[in-house]
Amino acid sequence: MADVKRVFYVKYLAHTIYADILKTRSDIRLDKLENDSADDIAAPVLAGAHAYQIGSARDELAKRYHADRDLLRRTQSLLIVSTNGAGYDTVNLKACTDAGVLVLNQAGGNKEAVAEHALAMMLSLTKRIIETDRAMRRDKDLDRNLFIGHDLRYKTVGIIGLGNVGKRLAELCRGLFSMRVLAYDPYVSGEIMTQHGVEKVELDELMRQADFVSINCPLTDETRAMVGAQQYALMKPGAYFVTTARGNIHDEKALEEALRRKKLAGAGLDVWEKEPPPLDHPLLQFDNVMVSPHTAGVTREARENMGRIAAEQMLAALDGKPVARVLNAEVWPRYAARFKDTFGFAPEHG
């Protein structure tokens with residue numbers, strides 16, 4: 001039976017508070033690897049690890065450290081994979097489930113930061129702040145009447161994915177600007193949506209009616225390429241598209257074409273197919289496209305909160321206590337058996 005519970009991470013943690021919390025426990029060992037760690041250094045860490053605190057940003061983590069079948073072959077003792085954020089692009093859920101590995105995330109830990117960022121993009125776009133900022137730096141004689149915007153108040157926002165972030169964004173839109181809120185989420189009932197002041201609609205109806213479309217769902221096989229040319233064609237010419245979720249949910253090429261043909265008024269993009277996007281990316285050439293480098297959830301408060309809840313959840317899982325943010329609940333019987341073989345007692349099912 002293992003006396004020391006071994007956790008490792010690669011390159012970075014969400015916040016130093018994670019390491020601070022784990023270091024209070026004498027029975028926990030925390031190892032750090034780098035993307036380019038030599039095999040003779042990485043191999044023993046991987047072989048002895050019980051848990052992996054994994055980065056959520058796919059382009060910041062070397063492919064050999066993504067939690068896929070290849071890594072799982074090198075981590076035979078691994079019981080738990082826990083993401084730094086809500087997203088799990090770097091984790092192959094099926095591979096982990098097949099291997100009896102429990103996968104956790106930190107859903108909700110950065111909901112305030114992401115919801116505020118989405119709302120900030122909506123405000124900046126409808127007030128045309130980004131357009132006037134660029135024009136004032138470029139044009140000597142500026143006609144302000146060319147940049148008349150709109151108020152947010154009483155407009156309609158369509159939220160794709162009513163999870164933690166989506167619910168907070170709905171609350172902000174309703175509370176601050178008396179907006180009508182529509183949502184598409186096949187996993188949330190109409191009753192729950194009504195409790196949050198939201199109208200449940202199908203995706204096409206949302207695209208047709210919304211003055212602002214905001215993507216707030218995770219990237220999965222089901223949501224990959226969910227918003228493309230067909231959906232953009234349904235939008236009002238004066239509507240705005242905003243995403244703070246994940247790249248590859250929306251079709252970048254189709255969005256470029258819709259903007260070029262003035263099928264929508266503009267876009268706010270925090271996530272990309274490749275992050276960061278190349279400087280010559282076509283979407284970076286539009287004055288009515290506001291961009292950020294996947295920083296919606298990156299505030300000091302959010303990072304600390306994510307680090308704290310990740311550490312607390314990791315310790316709970318390693319202590320065999322119930323955990324709430326499980327991504328592959330179906331793994332439990334096999335995971336519980338492996339956990340008992342390793343530590344000598346069965347974990348409690350949440």
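# A tour of two domains and two sheets

Start by selecting residues 240–243 and 266–269, strands S10 and S11: they pair in the parallel sense over four bridges. This is a predicted model. Show the side chains at the start of the pair. Tyr 240 stands opposite Gly 266 in S11.

Next, select helix H5, residues 111–126. The helix packs on the sheet. It touches strand S6 (156–160), strand S9 (212–215), S10, S11 and S12. Turn the view until H5 and S10 are both visible: the direction of H5 makes about 155° with that of S10.

Now colour the whole sheet. Seven strands form an open sheet with parallel pairing. Read across in the order S8-S7-S6-S9-S10-S11-S12. The edges are strand S8 (199–200) and strand S12 (289–291), and each pairs on one side only. Strands of a sheet pair through backbone hydrogen bonds, either parallel or antiparallel.

**Loops around S10 and S11**

Three backbone features are worth a stop here. Most residues other than glycine have a negative phi, and most peptide bonds are trans.

- Select Asn 248, in the loop between S10 and helix H11 (252–260). Its phi is positive, about 80°, although Asn 248 is not a glycine.
- Move on to Lys 262, in the loop between H11 and S11. Lys 262 also is not a glycine, yet has a positive phi of about 60°.
- Then pick Pro 276, in the loop between S11 and S12. The peptide bond from Glu 275 to Pro 276 is cis, with omega near -10°.

**The second sheet**

Where are the edges of the other sheet? Select strand S2 (28–33) and strand S5 (102–104): these are the edge strands, each pairing on one side only. The open sheet has five strands in the order S2-S1-S3-S4-S5, with parallel pairing. Look along it from one side: the twist averages 20° from one strand to the next.

Zoom in on strand S4, residues 80–83. S4 and S5 pair in the parallel sense over three bridges. Ile 80 stands opposite Leu 102 in S5.

Add helix H12, residues 300–318. H12 lies across strand S1 (5–10), S2, strand S3 (51–54), S4 and S5. Against S3, the helix runs at about 165°.

**Between the domains**

Zoom out and colour by domain. Domain 1 takes in 5–107 + 300–343, and domain 2 covers 110–291. Domain 1 is thus written as two stretches of the chain, 5–107 and 300–343. The centres of the two domains, taken over C-alpha atoms, are separated by 32 Å. Nine residues from domain 1 and 13 residues from domain 2 make the contact.

The size of an interface is often given as the accessible area lost when the parts come together. Here domain 1 and domain 2 bury about 820 Å² between them. Carbon and sulfur atoms carry 43% of that area.

How many salt bridges lie between domain 1 and domain 2? The count is one. Four residue pairs are in polar contact between the domains, with both residues at pLDDT 80 or more.

For the last stop, select Asp 89 and Arg 246 as sticks. Asp 89 forms a salt bridge with Arg 246. Draw a distance between the closest N and O atoms: they are 3.0 Å apart.

Conventions:
Residues numbered from 1 in each chain as written. Predicted model: local features only at pLDDT ≥ 70, side-chain atom pairs only at ≥ 80, totals over all residues. Heavy atoms only, no water. Pairing = 2+ DSSP bridges. Contact = heavy atoms within 4.5 Å. Axes fitted to C-alpha atoms, helices over the stretch in contact; angles between N-to-C directions. Domains from an automatic or database assignment. Buried area = accessible area lost by both parts, 1.4 Å probe. Salt bridge = Lys/Arg side-chain N within 4 Å of Asp/Glu carboxyl O. Polar contact = N/O pair within 3.5 Å; in protein donor to acceptor, adjacent residues only side chain to side chain.
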